[in-house]
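Please look over the sequence and the structure shown here before reading on. The paragraphs below are meant for a reader who has not met this structure before.

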Protein chains: 2
Amino acid sequence: MSNSTHFAKTPEPPYYAVIFTSRRTEDDYGYGKMADRMETLATGRPGFLGIESARDAEGFGITISYWETTEAIAAWKADLSHVAAQDLGKQRWYEHYEVRVARVERAYGKPHE
Amino acid sequence: MSNSTHFAKTPEPPYYAVIFTSRRTEDDYGYGKMADRMETLATGRPGFLGIESARDAEGFGITISYWETTEAIAAWKADLSHVAAQDLGKQRWYEHYEVRVARVERAYGKPHE
């Protein structure tokens, strides 16, 4: 996802994380363009806090989006553009994926620890 | 982390996730060997459920470890071998990192959705 700035600037917990782990197929079929479009759309949604993403050379990737509430997550999951992208993801782009919705309870880091 | 099998086989929620996002320095100083050793040690800890990891070509990485309880997470954080690795991480290996501890409340995926 090319417009990620990598580290998400999230507020003090609690907030929510959607952890998406995936292995890509070799089928491109507009994947990069769709991923960028979905990230842009997500970023504009109410309750969106940030996104972090990494994919290794073997096609295994992790994307985490952060949200204020579970309602914001449910609304984004049901967004019609996103539903179409999810369908293509299942059919063409991902041979395997896992989605986990989690409540972030504690956070710390460097340099601001 | 070379001994990852990529997808973690986690049980039905609830359980906990430690989300570690990082940007590496260019200082190797035994990083790969230590990362492998920490993953092996974590895997043997009580309450450990699995680990998933991806790092892109630019040095931005996400590692998520899954645990049964917050007590298991705290015990692993305080393990003396791990404390030494955390110190080296802060001093040499990571120019920036964030740690988020989250309670996984819901999970689904493909192929088993």
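What follows is a walk through this predicted model, starting with the relation between its chains and ending with some details of the backbone.

A good place to begin is the way in which the two chains are placed. Chain B is superposed on chain A by a rotation of 180° with 0.0 Å of shift along the axis, and the RMSD of that superposition is 0.0 Å. This is the relation of a two-fold axis, and both copies use the same surface, since 100% of the contact residues of chain B recur in chain A.

Where the chains meet, 32 residues of chain B are in contact with 32 residues of chain A. On the side of chain B that touches chain A, the elements giving two or more residues are β1, β2, β3 and β4 of chain B, and of these β4(B) gives the most, with 16 residues. Sorted by character, the residues of that side of chain B comprise 16 nonpolar, 5 polar and 11 charged. The strand β4 also links the chains through pairing, for β4(A) and β4(B) pair in the antiparallel sense over 13 bridges; as one example, R106(A) has V101(B) in β4(B) as its bridge partner.

From the contact between the chains we can turn to the nonpolar core. In soluble globular proteins, nonpolar side chains tend to be buried together. Here the largest nonpolar core has 31 residues, and those with the most contacts inside it are A17(A) and A17(B). At least two residues of this core come from each of β1 (15-24), β2 (48-55), β3 (60-67) and β4 (94-110) of chain A, and likewise from each of the strands β1 (15-24), β2 (48-55), β3 (60-67) and β4 (94-110) of chain B. Apart from its neighbours within four places in sequence, A17(A) is in contact with I64(A), Y66(A), A102(A) and V104(A), and also with I19(B), R100(B) and A102(B) of the other chain.

Some details of the backbone remain. The peptide bond from P13(A) to P14(A) is cis, with omega near 5°, and P14(A) has its place in the segment before β1 of chain A. In chain B, a cis peptide bond with omega of about 15° joins K110(B) and P111(B), where P111(B) lies in the segment after β4 of chain B.

Y29(A), although not a glycine, has a positive phi of about 45°, and this residue lies in the loop between β1 and α1 (31-43) of chain A. Is Y29(A) buried or exposed? With 11 other C-beta atoms within 10 Å, Y29(A) is exposed.

Methods: Residues are numbered from 1 along each chain as its sequence is written. Chains are lettered from A and ligands numbered from 1 in the order in which they are written. This is a predicted model: local features need pLDDT of at least 70, side-chain atom pairs count only at pLDDT 80 or more; totals for chains, interfaces and linings use all residues. Copies are superposed by least squares on the C-alpha atoms of residues with pLDDT of at least 70 in both. Two residues are in contact if their C-beta atoms, placed from the backbone, lie within 7 Å. A nonpolar core is a set of buried Ala, Val, Leu, Ile, Met, Phe, Trp, Tyr and Cys residues joined through C-beta atoms within 7 Å. A residue is buried if 20 or more other C-beta atoms lie within 10 Å of its own, exposed if 12 or fewer, and partly exposed in between; C-beta atoms are placed from the backbone. Helices (H or I, at least four residues) and strands (E, at least two) are DSSP runs, numbered from the N terminus. Ala, Val, Leu, Ile, Met, Phe, Trp, Tyr, Cys and Pro count as nonpolar, Asp, Glu, Lys and Arg as charged, and the others, Gly among them, as polar. Two strands pair if DSSP finds at least two bridges between them.
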